[in-house]
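Reader: Hello! I am new to this structure and would like a close look at one part of it, the surroundings of a bound molecule. Could you walk me through it?

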Amino acid sequence: MENSKLKPNQTHTEKSPWQNQVGQAITSPAQLPKGFNVDIKALTKVTRQYPMLISPYYLSLIENEQDPLWKQAVPDVRELEDEQNMEDPLAEEPQSPVPAVIHRYPGRVIFLVSNRCAMYCRHCMRKRKVGEEDLHFGKKSSKKIEEGLQYIQSNTAVNEVILSGGDPLLLGTEQLDRILSTLKTFDHVRIIRIHTRTLCTLPCRITDNLVMMLKKYQPLYINTHFNHPREITPESTKACEKLANAGISLGCQTVLLKGVNDDADIMGELMTRLLEIRVKPYYLHHPDPVAGTAHFRPDINVGFDIMKHMRGRLSGMCIPQYMIDLPGGEGKVPMLPDYVKSRSPKTIQVENYQGKICNYPL
Ligand SMILES: *Cc1c(COP(=O)(O)O)cnc(C)c1O
Ligand code: SF4
């Protein structure tokens, strides 16, 4: 038996597999597996500004230096060459009444409960924050969560709370349970949403224990973040299945990224496979103009073309809304290709999915 090899007391302190994955994550370019061609010195300069962290699981999926998964995970010298973009273009900081809450829309808030992730995605829109001071350890940090809870409690207009970060599922199950159970005592909070990338970057985080805990907080929605069909593996499929079987609705917020998924066939395959693993594509985000991510931003027409290509060819169930988020915190706006070609009092002329112009009576 494996257990007989354990020293006395060792079972107590033993970490769960997901905690080991986080503990064994690589955090410097020098730790990348031998055989990959990297300029360690140049990339170390990047990680001084923007931290690196890749779980062993996600690392194992990367095949080569051109891999779309590599591009999301491994630092790139171009991150330091981006001189046009801002750290916080969406004005999240000015819209934070307390440090852990972003309150832009009247009825819903983003509650930042963790600054840690199972991977620091190179394209992250909160690049300025991830990996900095830990929100859930230490006095100062738990104070921020307390302040956030108090703010939500005293704002009865808030009926939806979106746990985000960082990644809320990097919190321990008990810690998360405490936050959720407190939110549940606020009568005005009707819906809880969790934004997590662990289904993609650390699927072993979805333990039976976690699922049992989450089940208590229905209606609960989880939005995750897959960007490429190769991220859908037997492990991530299993993680999504467990949550879906527990009655938790799963959505996906994909980011349109140059060199990763800016191609109609790859995007179509991703959306179809998401639906197969019971994840409903929710948003396709055009990347925000965030400092250090300029090399990922495609032309807006690339997004329009992909949306046009998907419509009619794929199940409508797997077509997300294509979104931009306005600088200055002005909010999200859906982007639709120009389907209406002309209008007259009695008809509109529209383009169908095959590019044919058709009349529609009014
Ligand atoms: C995106 C976002 C939300 C959630 O918007 P939905 O369209 O409901 O998904 C809420 N608050 C802020 C600040 C956001 O950026
Ligand atoms: S998991 Fe989400 S919050 Fe964390 S680095 Fe990736 S995109 Fe950013």
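Let us settle on ligand 1: what is the space taken by ligand 1?

Author: Happy to help! The space that ligand 1 takes is the largest pocket. Here a pocket is an open set of points on a 1 Å grid over the protein atoms alone, with protein on both sides within 12 Å along at least five of seven lines, and a molecule sits in one if more than half of its atoms lie within 2 Å of its grid points.

A word on the ground rules: this is a predicted model, in which local features need pLDDT of at least 70 and side-chain atom pairs count only at pLDDT 80 or more, while totals for chains, interfaces and linings use all residues. Residues are numbered from 1 along each chain as its sequence is written, chains are lettered from A and ligands numbered from 1 in the order in which they are written, and side-chain values use heavy atoms, leaving out hydrogens and water.

Now look around the molecule. The shell of ligand 1 (residues with a heavy atom within 4 Å of it) is made of Ile102, Arg104, Tyr105, Arg108, Ile110, Ile162, Arg193, Tyr282, Tyr283, Asp325 and Lys332. By class, this shell has 6 nonpolar, no polar and 5 charged residues; Ala, Val, Leu, Ile, Met, Phe, Trp, Tyr, Cys and Pro count as nonpolar, Asp, Glu, Lys and Arg as charged, and the others, Gly among them, as polar.

Three arginines make polar contacts with the ligand (pairs of N or O atoms within 3.5 Å). For arginine 108, a side-chain N or O atom is 2.7 Å from an oxygen atom of ligand 1. Arginine 104 has a polar side-chain atom 3.0 Å from a ligand oxygen, and for arginine 193 the distance from a side-chain N or O atom to an oxygen of ligand 1 is 2.9 Å. On its own, ligand 1 has 390 Å² of accessible area, and the protein covers 92% of that (Shrake-Rupley method, 1.4 Å probe).

Which elements supply the shell? Two or more residues come from each of strand S1 (101–105), strand S2 (108–114) and strand S7 (280–285), and S1 gives the most, with 3 residues. Strands are DSSP runs of E with at least two residues, helices runs of H or I with at least four, both numbered from the N terminus. Over the chain, they come to 12 helices and 12 strands.

Ligand 1 has company, since ligand 2 also sits in the largest pocket. Ligand 2 is surrounded by Cys117, Met119, Tyr120, Cys121, Cys124, Val130, Gly166, Arg197 and His225, a shell of 6 nonpolar, 2 polar and 1 charged residues. Among these neighbours, glycine 166 lies in the loop between strand S3 (160–165) and helix H7 (173–184). The peptide bond leading to glycine 166 from glycine 165 is cis, with omega near 15 degrees.

Conventions. Polar contact = N/O pair within 3.5 Å; in protein donor to acceptor, adjacent residues only side chain to side chain. 1 Å grid on protein atoms, 1.4 Å probe; cavity = no way out; pocket = protein on both sides within 12 Å on 5 of 7 lines; lining within 4 Å.
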